[in-house]
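Subject: Structure for your files

Hello,

Here is the structure I said I would pass on. Please look through it before reading my notes underneath.

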Amino acid sequence: MKRGAGRTHYDQDPFTDLLFNALLGFTLLFMIAITAINPPAKKQGDIPAKAELIVSTTWADGLKDDVDTWVEAPDGEVVWYRNPDGGLMHLDRDDRGAENDTLQVDGNQIVNPLNQEVVTVRGLLPGDYVVNLHRYHADGTSVLPVQVNVVKVNPRLEVVFYGTVDLAAQGTERTAVRFSVSRDGSVSGINTLQKNLVQQ
């Protein structure tokens, strides 16, 4: 018997096995990296949840009174019910009192008596902001108290303004709060000096 006759031509040396395993490992890591880098496709119409300021106005539940929130940004853009998207601001819900409190969910009628409007500011511009309230429709003649809350979200939660504004008769417009935002995002100059925004 010849020396080495038990060896076949299929045998490989350990160096080739090491190279092959290293190649498999790099391929696996490359596939994982590609999967992590490529984000899932976004649906058309998705709105980022990012917010810098949230302005909410609330009045007594179940009332038929319609109060509109108007917010003016430093660039002169004004958000209100006929212009719900203005620059970096968005009116999330136009609450018309009891008129739009009934919802259809899975064929069932659900009543949501909450009267609240919310404006989201998704990016801060340096300059002056104005938040006004307009009593578009009054169900009665009595004064309507409306709570106004302005919250700065980033980098930490900070209440800019929290107070109550009394709206008299139908058509009344009141400035709830005015404030300035500096380039570093800090808020100053909080006041209630009247400035009319409602377009007749």
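Below is what I found, going from the whole chain to its parts.

Please keep in mind that this is a predicted model.

Overall make-up. The chain has 1 helix and 13 strands. Read from the N terminus, the helix comes at the start and the strands follow it. Of the 200 residues, 32% are buried. The exposed area of the chain is about 13,100 Å², with 56% of that area supplied by carbon and sulfur atoms. If you take the contacts between residues at least 6 apart in sequence, 64% of them join residues at least 24 apart.

Sheet. Six strands form an open sheet in the order E4-E5-E8-E1-E10-E11, and the pairing is antiparallel. At its edges are strand E4 (85-86) and E11, each of which pairs on one side only. Within the sheet, E1 and E8 are antiparallel partners over 7 bridges, and Leu53 sits opposite Val121 in E8. E10 and E11 are likewise paired in the antiparallel sense, over 9 bridges. A hairpin of 5 residues leads from E10 to E11, and the residue opposite Val150 is Phe161 in E11. As background, strands of a sheet pair through backbone hydrogen bonds.

Cores. The largest nonpolar core contains 27 residues, and the ones with the most contacts inside it are Val67, Val131, Leu133, Val146, Val148, Val150 and Phe179. At least two residues of this core come from each of several strands, including strand E1 (53-59), strand E8 (115-121), strand E10 (144-152) and strand E12 (173-181). Apart from this core there is another, with 6 residues, among them Trp70, Val78, Val130 and Val198. Such grouping is a general tendency: in soluble globular proteins, nonpolar side chains tend to be buried together.

Phe179 is a useful residue to display when you look at the largest core, being one of those with the most contacts inside it. Leaving out neighbours within four places in sequence, its contacts include Leu53, Val131, Val150 and Val160. Phe179 also touches Val187, Ser188, Gly189 and Ile190.

Surface. Phe26, Leu28, Leu29 and Ile32 make up a nonpolar surface patch of about 460 Å². Of these residues, Ile32 is placed in helix H1 (residues 14-37).

Regards

Definitions and conventions
Residues are numbered from 1 along each chain as its sequence is written. This is a predicted model: local features need pLDDT of at least 70, side-chain atom pairs count only at pLDDT 80 or more; totals for chains, interfaces and linings use all residues. Side-chain values use heavy atoms; hydrogens and water are left out. A nonpolar core is a set of buried Ala, Val, Leu, Ile, Met, Phe, Trp, Tyr and Cys residues joined through side-chain atoms within 4.5 Å. Buried means under 20% relative accessible area, exposed over 50%, partly exposed in between (1.4 Å probe, protein chains only). Helices (H or I, at least four residues) and strands (E, at least two) are DSSP runs, numbered from the N terminus. Contact means heavy atoms within 4.5 Å. Two strands pair if DSSP finds at least two bridges between them. Patches are made of residues with over 30% relative accessible area and no salt bridge: like charges are joined within 9 Å, nonpolar side chains (Val, Leu, Ile, Met, Phe, Trp, Tyr) within 5 Å. Accessible areas come from the Shrake-Rupley method with a 1.4 Å probe; for residues, only the protein chains shown count as cover. A salt bridge is a side-chain nitrogen of Lys or Arg within 4 Å of a carboxyl oxygen of Asp or Glu.
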